[in-house]
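Me: I would be grateful for a close look at a single part of this protein, described in the context of the whole chain. Please treat one helix in detail and set out its surroundings.

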Amino acid sequence: MGFCDKSSRGRFDGVETRSEARRAEALVNLRPMGADDVRRVAAIEMVSNRSPWSESLFAGEFCLPESRRHWLVAVVVGVGDIVGFGGISIGVDEAEVLNLGVDVPWRRRGVGLQLCQALIAEAANRNLDSVLLEVRVSNQSAILLYEQLGMRSIGRRRGYYPDGEDAAVYWMPGLLDGVSSPALASTAKEARLQ
Ligand SMILES: CC(C)(COP(=O)(O)OP(=O)(O)OC[C@H]1O[C@@H](n2cnc3c(N)ncnc32)[C@H](O)[C@@H]1OP(=O)(O)O)[C@@H](O)C(=O)NCCC(=O)NCCS
């Protein structure tokens, strides 16, 4: 079950330019999330989600085998502060985005895109052919991000969220067939070289 129960409230949303985003990309690295990161990740989640995951829910992810989950955090180069996170569940032939969030001052700087690209590349590395997620139909920021990645809307789950809002279901097939999305091309190439 997907858990993209989010509303975007970025202070900088829609006002920064892409060149500023590129500058931020150079300042952020991705690394696997560790159990010690859970408190900070839960704090970002609190400002990102209308019904946020609790710290213990994040901590519970570390009780699952590594073969079933993959979580990343985005950290500021040279400082180490966590400014974003994302995770997927690993199914038989499909990955599902479980959660994704970027701290408010870091939004619209390419961090969410970097996280998604890396998670999708990891799904391909694990021989999964597709990635799926649910997102609130009102969450335009996230929807535009997924569409930029080349994901497509394949349906709607009525009343999916606790407050009754519908979820849009987004899907990207063919991860193992080649790269159809320019936004994924560089990451997938790197993934294949590993
Ligand atoms: C959705 C979210 C993760 C995006 O992260 P981000 O780091 O701000 O996104 P990026 O800077 O990588 O944006 C990549 C693309 O997404 C789209 N996008 C992201 N935020 C947007 C906004 N506020 N307005 C319009 N488009 C937006 C744009 O297409 C953008 O590309 P561009 O900057 O070249 O126009 C972030 O807004 C967030 O944490 N929101 C709250 C949590 C959430 O909704 N999670 C997703 C749940 S399914």
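Reply: The protein chain holds 6 helices and 7 strands. The model is a predicted one. Read from the N terminus, the order of its elements is α-β-α-α-β-β-β-α-β-α-β-β-α. Of the 194 residues in the protein chain, 38% are buried. Among contacts in the chain with a separation of 6 or more, 67% are made by residues 24 or more positions apart.

The part chosen for the close look is helix H4, which covers residues 111-125. This helix has 15 residues, and the distance from its first C-alpha to its last is 21 Å, close to the 21 Å expected at 1.5 Å a residue.

Burial comes next. Helix H4 is mostly covered, with 11 of its 15 residues buried. Towards the start of the list of buried residues stand Val111, Gly112, Gln114, Leu115, Cys116 and Gln117. The list continues with Leu119, Ile120, Ala121, Ala123 and Ala124. Just after H4, Asn127 adopts a positive phi of about 65°.

A partner of this helix is H5, made up of residues 140-149. The axes of H4 and H5 come within 10 Å and cross at roughly 50°. Because an angle of that size is neither under 35 degrees, nor over 145, nor from 65 to 115, H4 counts as oblique to H5. The crossing of the two helices is right-handed. On the H4 side, the residues that meet H5 are Gly112, Leu113 and Cys116; on the H5 side, they are Leu145, Gln148 and Leu149. By character, the residues of this contact divide into 4 nonpolar and 2 polar, with no charged residue. Two of the H4 residues in the contact, Gly112 and Cys116, also appear among the buried residues of the helix.

For contrast, a residue elsewhere in the chain may be considered. Arg68 lies in the loop between helix H3 (55-61) and strand E2 (69-76). Arg68 has 11 other C-beta atoms within 10 Å and is therefore exposed, since the cut-off for that class is 12 or fewer. Even so, Arg68 has contacts beyond its neighbours within four places in sequence, namely with Ser89 and Ile90. The C-alpha atom of Arg68 is also 9.4 Å from that of Ala95, a residue 27 positions away along the chain.

Methods
Residues are numbered from 1 along each chain as its sequence is written. This is a predicted model: local features need pLDDT of at least 70, side-chain atom pairs count only at pLDDT 80 or more; totals for chains, interfaces and linings use all residues. Helices (H or I, at least four residues) and strands (E, at least two) are DSSP runs, numbered from the N terminus. A residue is buried if 20 or more other C-beta atoms lie within 10 Å of its own, exposed if 12 or fewer, and partly exposed in between; C-beta atoms are placed from the backbone. Two residues are in contact if their C-beta atoms, placed from the backbone, lie within 7 Å. The expected span of a helix is 1.5 Å times one less than its number of residues. Axes are lines fitted to C-alpha atoms, for helices over the stretch in contact, and angles run from 0 to 180 degrees between N-to-C directions. A crossing is left-handed if the near helix is turned anticlockwise from the far one by less than a right angle, and right-handed if clockwise. Ala, Val, Leu, Ile, Met, Phe, Trp, Tyr, Cys and Pro count as nonpolar, Asp, Glu, Lys and Arg as charged, and the others, Gly among them, as polar.
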